[in-house]
Amino acid sequence: MFRKRRLGLQVTAPLMAVGFSVLVGSVIMLAIGANPLQAYAVLFGFSLGRIDSIASILFKATPLIFSGLAMVVSFRMGLFNIGVEGQYMVGAFAAALAGFGLKGLPAIIHIPIVMAAGMAGAMLWAALPIYLKIKRGVHEVISTIMMNYIAYSFLHWLLADVFLDRTQVLGQGGFGSPRVRTPELAASARMPTLHKLFAAVGIQLPHYIYVSYLLFIGIALAVVVHYIIWKTPFGYELRAVAQNGPAAAAAGINSERVMVKAFLLSAAIAGLAGLSDLMTFFGYYDIDFPRSYGFNGIAVALLGRNSAAGVIVGALLFGMLARGAEGVQVMTGVPAEVITILQSVMILSIVVAYEIITRYVRTQRKKEVGA
Amino acid sequence: MISIKGVTKRFPGVLANDHISLEVREGEIHAIVGENGAGKSTLMKILYGLYQPDEGSIELRGHPVRIDGPARAVALGIGMVHQHFMLIPRFTVLENIILGHETARFGVIDRRASEQRVKELAGQYGFAIDPKAMVATLSVGQQQRVEILKVLYRGADLLILDEPTAVLAPQEVTELFANLRLLAAGGKTIIFIGHKLDEVMEIADRVTVLRRGQVVGTMAAGETSREGLAEMMVGRPVLFRIQKNPCHPGAPLLSLDDVTVAGVGGTARGHGRGHGVGGSQGPAWRTRIARAAVDGLSLQVNGGEIYGIAGVEGNGQTELVEGIFNLQPVTSGRVMVLGKDVTNRPTAQIRAGGIAYIPEDRHRRGLVLPMSIWENLILGSHRRREFVRRALLDRDRILGHATKLREQYDIRLADMDAPVLALSGGNQQKVIVARELAQSPQVVIASQPTRGLDVGAAEFVRQRLLEMRDAGRAVLLISADLEEVLSLSDRVGVMFRGKIVAEFPAEEATPQLLGPYMLGGAAPAEMEIPLADARGEGGEARV
Ligand SMILES: Nc1ncnc2c1ncn2[C@@H]1O[C@H](COP(=O)(O)OP(=O)(O)OP(=O)(O)O)[C@@H](O)[C@H]1O
Ligand SMILES: [Mg+2]
C-alpha cells in the first residue's frame, strides 16, 4: 500500500519536468523560427530509429549511470557530494596510470586493477572533504567545489609536466606540438566493447560505436546500490542517520563512521564514471577528457528521484537527448544548443518539481504525525 | 456550538473515524477520551482543517461549514494548541504571539497596540506571563501558555487541546486547569483530549468516549467515574491497582558516581527550558546560571529494584539520561553498568552491555519517523545476528519478530511497511517500549515510559516494568507523573538542579513530603540528606 503510493510520487516529478521542458523547448524553437514538431520527431526518430544510434545512446548513458549512482548514495546519506566531478577525473587519471604503467598482465587481471585504481583515486580525492566535514564541520558543498577546481589544475599540471607522453609521433614531420596526454593504455587494460555480443545476435555494430561491458557493470552496480541502501544493515544505518540523527545516535549508531563510509562509497562509484571514455574511446587521459559527468550525475539522480532504478532511466534519457541533439542539428538546422537548453530546463524543472513534491509530502507528513 | 455529523475518515487499511456524531456546547469543556488509535487526533485534525472527512459534515452555530485548511479554521474561530510547540526560541513571547498576525500602522508593526492586546488577554484569563521574556528561557508550562495565547490572539472561540498535560508537571497542570476554567467562564469552548482520567474528570463538563473510531457515548463528567470511563474505552474493566511483590534488591547494576554533565548546547528539548519550577517565577529560571545541568550526582540502582526520580522537568533529568548513554559527554565522575566503567564509551558499546533506553522525546530520540514500523522495531538491534542473513536484513525474520511485539503490546497498525509516523501517538510510544524491553535488558532507563499511552496500555507497561524488576533487573524510572513514580518505585530520589537532594524508601514517600524538595525549598543542597536504604517492603499501590 505504502510502497505503491511512494512509487506514484516518485514518478510524478520527473514526468512533470520532462513535459514542462518539452514545452519550453517548443517555445524556443518557435522563437527561432524552427518547427518544434519536426525537431522532436527527429529527436526521437533519429535517436531511437537505428540500432547503432541506440548503441550510441547506451555509450553516452554509461558514465552517467555511475555518476548518478554516486549522487544517489550521497543524497540518501543527506550529503551533497558535488565533488563527483573532480573525483571521477582524478579517478580516471589514476586508472590511466595503472593502465599504461603496468605491463604484461592478462586483461582479466589488468582491467580490475585499472577499475580499482579509478575508485581509489576518487576516494583519495573525497577523503579531505569528508575529513573536514567530520572534524571541522566544513560543509561538503564548499569543500568539494574547491576540490573540483584543484582537480582541474592538478591534473593539468600532471599531464603537461609529469606524465606527458613523449613517445607520441608528432605531426608536421616531428615539429608539431605534442598532445597533452598520457601514454596509451596497454591493450590488456582496454575494456572490451559489445561488438562481439551484438554480433552473436546478428547485429553488426559499426566500429565507431564504443558501448562496452561497463554498461552492464553499471546496471549491476545499480542493483547493488539498491540492495545496499534498502536491504543491508549499513543502508539501514545510513537512512536512519540521514533521517533522524539523534535517534540513530541513541540507538548506538556511530553516525560519523556511517557518513565517512557512505561518502567514500559515493566517491568510489564516481571513480568509475570516467572509465568508459578512458578504457574504450580514448585509451589515454588527455587534457580534453570529457567534463561535467559529475554535474550531469546530479541531474540524473534528481530525475531518477534518488533511486538506483531511476538513475538508469535518467541516464538513458540524457543519453538520448545527447544523441538526438546531433541529429537535430544535422537534419533540421535547429542548433544542438537548443537541446542543451532543453536539458538544462529539464534539470531546473526537475529541481523545482522535486521541491514542490517534497513540500507536499512534508505537509502531508506533518498532518500525519499523530499527537 | 459545533456539531459533527457522521464524520468518517479512512486511511489505507484503517477506519480512523467511523460515522462520528458529536455535539460540543458553547462555553463547555468537552473532553474526548479513548484508547490509543481510537481516532481522537484524527477527528481534531478534521476540525482544524488538516484533514478532509471522507463522509459527513460539520456545523458551526447551526451553519454547515467546510473547513478546507487551518487558515479557514482560524477564520471560523477554531484554534488548535499543538502538542509540539511551534515557537521560535529566540523571539520574545510577544513576537511569537503576533507572528503572522501583526497589526501594523503605516507598514510598521504596532508593538504597543499588540502588547496591549496580549496583556489584556493574559489578564482576562489569568495567564501569568511576561510578554517581553524570551521564549528560550521559559519552562514547558509557560511555553504552552504562549501557545494558548497565540490561539486566543487569533480570535479563537473554540480551542482544541490534544493531550496538553502529557508534558506538564503536576503543578503546571493545576495552573493550566485554572486558565481553562477562566476561558470557559469567559465564553470560550474547549475540547480537551487526555489519557489521565482523573484530570479529565476534574476539568471536563462532559466527556465523550471513542472506541475504534466510533462514539461509545457522551455523558456529564459528574455522572461517571474513572473506572466507568476506562471500561467504556477499553470494553473491559481496567485494573487501577498494581500488584507489587516485595522487593529483593540484589547487586548494584547501575551506579552513578559523582556524575557531572555540563549540558552546554544541550539537546533541543533541554535547551533553554530553564530550571523552571512549575510556573512560579522564581529566580531559578530567570537567571540562567552557568551551572552544570547534572552537578555531581550519585545514585545506585540495584538489581530487582525500581529507582524512581521525581522532580520538575528541566532539573537535569534529560542530561542525566543522555550522559549515561554518552549522548552528551560526562564531564566528570563515573557511570558503571553491570560493574563495568562505561563512562563516555561509545553508545553502541554501552547498550551492548544490556541496557535499554526509553527516551522522553519519542520523535527526537526514539523513532525515525519516515522509516517503516518494522524497521523502527529493530532500531539499535538491527545488527543482531538473528536479524541479518547473508549480509542482508532478514525481512521475514524481522517481520516475525515485529508481529510478535505488535501482538504483545497491542500496537494498532494496518501495515508494517507504513512509516511509523502514520501511527497514533500512543502507538508510536508502544513501538519504542516494545523494542526496548524485547531485548531482555539487565538495566532499563525509562523516561516518561507511559507518556501518551491510554490507561490500558499504561497499565501494561507498568506491569512489564515490575516484571523486569521481579526478574532481578534494575529499572531507573524518570517521570513527570509523580503518582507513577511513587506507585512503581522501591526507592525515590528527588532531583533538583542537577542533584539528588533527597532519597526516600517508597513506603515513606508521599507527594506532600516530596513536594518541597522538588521545589528546592525544603533542603538547601548542603543540608543533611535523608538517604534511604535499598530495602523494600511489598505493598499495593494506587496508580
Ligand atoms: N496519516 C495517517 N496515515 C495512516 N493512518 C493513520 C494516519 N493518521 C492516523 N492514522 C491511523 O488512524 C487511527 C487513529 O489515529 P489517531 O491519531 O486519530 O488516534 P488517537 O486517538 O489520537 O490515538 P492516541 O491516543 O494514541 O494519540 C490509527 O489507527 C492510526 O494508525
Ligand atoms: Mg493522538
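## Chain contact, a covered strand and salt bridges

Between chain B and chain A, 12 residue pairs are in polar contact, both residues having pLDDT 80 or more. A polar contact is a pair of N or O atoms within 3.5 Å; within protein, one must be able to donate a hydrogen and the other to accept it, and residues adjacent in sequence count only if both atoms are side-chain atoms. This is a predicted model, in which local features need pLDDT of at least 70 and side-chain atom pairs count only at pLDDT 80 or more, while totals for chains, interfaces and linings use all residues. Residues are numbered from 1 along each chain as its sequence is written, chains are lettered from A and ligands numbered from 1 in the order in which they are written, and side-chain values use heavy atoms, with hydrogens and water left out.

**The contact between the chains**

Chain B contributes 45 residues and chain A 29 residues to the contact, where contact means heavy atoms within 4.5 Å. Together the two chains bury about 3,300 Å², of which 61% is on carbon and sulfur atoms; buried area is the accessible area (1.4 Å probe) that two parts lose on being put together, summed over both. Two salt bridges are counted between chain B and chain A. A salt bridge is a side-chain nitrogen of Lys or Arg within 4 Å of a carboxyl oxygen of Asp or Glu. R383(B) and E237(A) form a salt bridge through their side chains (2.7 Å, N to O).

Several elements of chain B, including α1 (40-47) and α15 (425-437), each supply at least two residues of the side that touches chain A. Helices (H or I, at least four residues) and strands (E, at least two) are DSSP runs, numbered from the N terminus. The largest share of this side, five residues, comes from α12(B).

**Strand β24 of chain B**

All six residues of β24(B) (residues 491-496) are buried, that is, under 20% relative accessible area, with exposed meaning over 50% and partly exposed in between (1.4 Å probe, protein chains only). In a regular strand the side chains alternate between the two faces of the sheet. In β24(B), R491(B), G493(B) and M495(B) are buried on one side, and V492(B), V494(B) and F496(B) on the other.

Two strands pair if DSSP finds at least two bridges between them. Strand β16 (residues 305-310) of chain B pairs with β24(B) in the parallel sense over four bridges, and A310(B) stands opposite V494(B). Strand β25 (residues 499-505) of chain B runs antiparallel to β24(B), joined to it by six bridges. There, F504(B) is the bridge partner of V492(B).

**Salt bridges within chain B**

Over all chains, the whole structure holds 34 salt bridges. Three pairs within chain B are listed here.

| Salt bridge | Closest N to O |
|---|---|
| R491(B) and E305(B) | 2.7 Å |
| R365(B) and E322(B) | 2.8 Å |
| R469(B) and D470(B) | 2.9 Å |

R491(B) lies in β24 and E305(B) in β16 of chain B, so their salt bridge ties together parts that are 186 residues apart in sequence. R491(B) counts as buried at 6% relative accessibility, and E305(B) is buried at 1%. The salt bridge of R365(B) and E322(B) links helix α12 to helix α10 (residues 317-324) of chain B, 43 residues apart. R469(B) is buried, with a relative accessible area of 1%, whereas D470(B) is partly exposed, at 41%.
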